[in-house]
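The following note sets out points for a colleague who is examining the coordinates. Each point may be checked against the displayed structure.

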Amino acid sequence: MRYNVSIIGAGTSGLIAARELGKQGISTIAYDQKKVLGHPVRASGIVSIRGLGSIGIDYSNAITNTLYGARIHAGKSTMHVNSKTPMAHVLERQLLNQICKEQAEDSGAVVSTGKRITAIDLDDIRSDGGIIIGADGAVSTVAKHFGMGSLTDYVITYKAEFETTISDTRSVDLFFDKEYRGLFGWLCPNTENILEVGIGINPGKINAKKAFDSFIKGKEIADALGDAKMRNGQASIIPMRLRKRIVDEKHRVILIGDAAGQVKPTTGGGIVFGGNAAIIAAQTIKDHVEKGLALKRYELVYKKRFSTDTKVHSLINKIYSRAGTRGMEIGIGIMNSLGMSSLLGKYGDMDSPIRTLGNTLLRKARG
Ligand SMILES: Cc1cc2nc3c(=O)[nH]c(=O)nc-3n(C[C@H](O)[C@H](O)[C@H](O)COP(=O)(O)OP(=O)(O)OC[C@H]3O[C@@H](n4cnc5c(N)ncnc54)[C@H](O)[C@@H]3O)c2cc1C
């Protein structure tokens, strides 16, 4: 059967696009090379509650923990941002994908698993006159085939789980150190007794697994882990910058999610940005099919909504990557002495630094 839209990749972004296109009555198929979607789990699932509200996933069954704050560590300094109300949920990623798949199928889209789409398949879809959405992750076959630019900025990650007794399940710990430039090291209570440990670093001389091994030997991490056994160790990559082209008007191709580089450069979180991009892409395709409007509008709308926040996220990432451990230590000391941690706990927004800055500075100015 010929479909109006073929989505390559059925991760959260591809499945949200499939759901939205299905709702519009546009015939859609999403392909994934995996037989079991979301398996193995290479990524974490910390998502802001506000962000989750924007992407329409019925996620409540996938919640494994709820976070109220974060402890940010650099050298000897720690800042504890703590909120009275929940800030983020930790979601079970495989289950989240399953929920997204069911929502896509309920809306009328077809999800086909266990088939890797090749360059030949892409040419076949194109010669049939179909629109292609590349939702195939950071190492995107679609982006490569249509010459949409390579990933110029990314971090490599390694994460694993440890079954242990967790003293505080309400906060995630983030460790900034010159060894982990690019992103940071983290400890996240995925459940009451599963602690996820991970790092994200710039690609370079040291590989992610070696950096991870050295990270877990650090005193605070070793204390938290005790003699717990490591399981499910996985390496992956996170794009840190929007790809040069995310629309190919001539060949009717759109990139979304990690394939497009739609990730928050401060934390590497991509579920909310990719999900919102999927919704914008589906609306643009509807307007293209029904009114003949250009697909390029997708890029314009996405950038209008997200480019300022993304730029500020990038700037913050540059600042902490370059500051080094000592610089971050001093920065945290200053933030603590200005009472910023309690303001961030009250008014912080994980997805929007602009909203966070606006809210906290306004409150600070008002005293
Ligand atoms: C260690 C780590 C931790 C993270 N933590 C968080 C977090 O806490 N919160 C958050 O919001 N984000 C987090 N992220 C980022 C988040 O996981 C991604 O932004 C998100 O998964 C992107 O979704 P996607 O659907 O665009 O791509 P993906 O989830 O990568 O899905 C792409 C899909 O395409 C399929 N595919 C690829 N090529 C083909 C092909 N040729 N044919 C068929 N199928 C294909 C793959 O099998 C895959 O299922 C993390 C990432 C990593 C690596």
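**Note on selected strands, helices and backbone features**

1. Trp186 stands opposite Gly198 in β13. The model is a predicted one, and this pair is a convenient entry to the strands discussed next. Six bridges connect β12 with β13 (residues 194-201), and the two strands run antiparallel. Pro189 stands opposite Leu195 of β13. The link between β12 and β13 is a hairpin with four residues between the strands.

2. How is β13 placed with respect to the rest of the structure? Eight of its eight residues are buried, so β13 is largely enclosed by the rest of the structure. In a regular strand, side chains alternate between the two faces of the sheet. In β13, Ile194, Glu196, Gly198 and Gly200 point one way, while Leu195, Val197, Ile199 and Ile201 point the other way; all are buried.

3. β13 also pairs with strand β10 (residues 154-163), to which it is joined by eight bridges in the antiparallel sense. Within this pairing, Glu161 has Glu196 of β13 as its bridge partner. The reader will note that Glu196 is among the buried residues of β13.

4. Strand β12 (residues 182-189) likewise has eight of eight residues buried, so β12 is largely enclosed by the rest of the structure. The criterion here is that 20 or more other C-beta atoms lie within 10 Å of the residue's own. Strand β11 (residues 171-176) runs antiparallel to β12 and is joined to it by three bridges. Asp173 has Leu187 in β12 as its bridge partner. A hairpin of five residues leads from β11 to β12.

5. A separate point concerns an open sheet of six strands, in the order β8-β2-β1-β9-β16-β15 and with mixed pairing. Which strands form the edges? They are β8 and β15 (247-248), each of which pairs on one side only. Strands of a sheet pair through backbone hydrogen bonds, either parallel or antiparallel. For β15 and β16 (residues 253-255), the sense is antiparallel, over two bridges. Val247 stands opposite Ile254 in β16.

6. The geometry of helix α3 (residues 93-106) can be tested by its length. At 1.5 Å a residue, its 14 residues should span 20 Å, and the end C-alpha atoms are 20 Å apart, which agrees. The expected span is taken as 1.5 Å times one less than the number of residues. Just after α3, Gly108 adopts a positive phi of about 110 degrees.

7. Which residues of α3 are buried? They are Arg93, Leu96, Asn97, Ile99, Cys100, Lys101, Gln103 and Ala104. An α-helix has 3.6 residues a turn, so residues three or four places apart point the same way. The buried residues of α3 pack against α1 (12-23), β2 (28-32), β7 (88-91) and β8 (110-113). Of these elements, β8 and β2 also belong to the open sheet of six strands.

8. The packing of α1 on α3 can be described in more detail. Their axes come within 8 Å and cross at roughly 20 degrees. That makes α1 roughly parallel to α3, because angles under 35 degrees count as roughly parallel. The crossing of α1 past α3 is left-handed. On the α1 side, Thr12, Leu15, Ile16, Ala18, Arg19 and Gly22 take part; they meet Leu96, Asn97, Cys100, Lys101, Gln103 and Ala104 in α3.

9. Some backbone features merit inspection. Most residues other than glycine have a negative phi, and most peptide bonds are trans. The bond from His39 to Pro40 is cis, with omega near -5 degrees. Pro40 is placed in the loop between β2 and β3 (46-48).

10. Two residues that are not glycine have a positive phi. Asn232 has a phi of about 55 degrees and lies in strand β14 (residues 230-239). Asn232 is partly exposed, with 13 other C-beta atoms within 10 Å. Arg252 also has a positive phi of about 55 degrees although it is not a glycine, but its place is the loop between β15 and β16. Arg252 is partly exposed, with 19 other C-beta atoms within 10 Å; the threshold for a buried residue is 20 or more.

Technical notes. Residues numbered from 1 in each chain as written. Predicted model: local features only at pLDDT ≥ 70, side-chain atom pairs only at ≥ 80, totals over all residues. Buried ≥ 20, exposed ≤ 12 C-beta atoms within 10 Å, placed from the backbone. Contact = placed C-beta atoms within 7 Å. Pairing = 2+ DSSP bridges. Axes fitted to C-alpha atoms, helices over the stretch in contact; angles between N-to-C directions. Parallel < 35°, antiparallel > 145°, perpendicular 65-115°, else oblique. Left-handed = near helix turned anticlockwise from the far one by under 90°.
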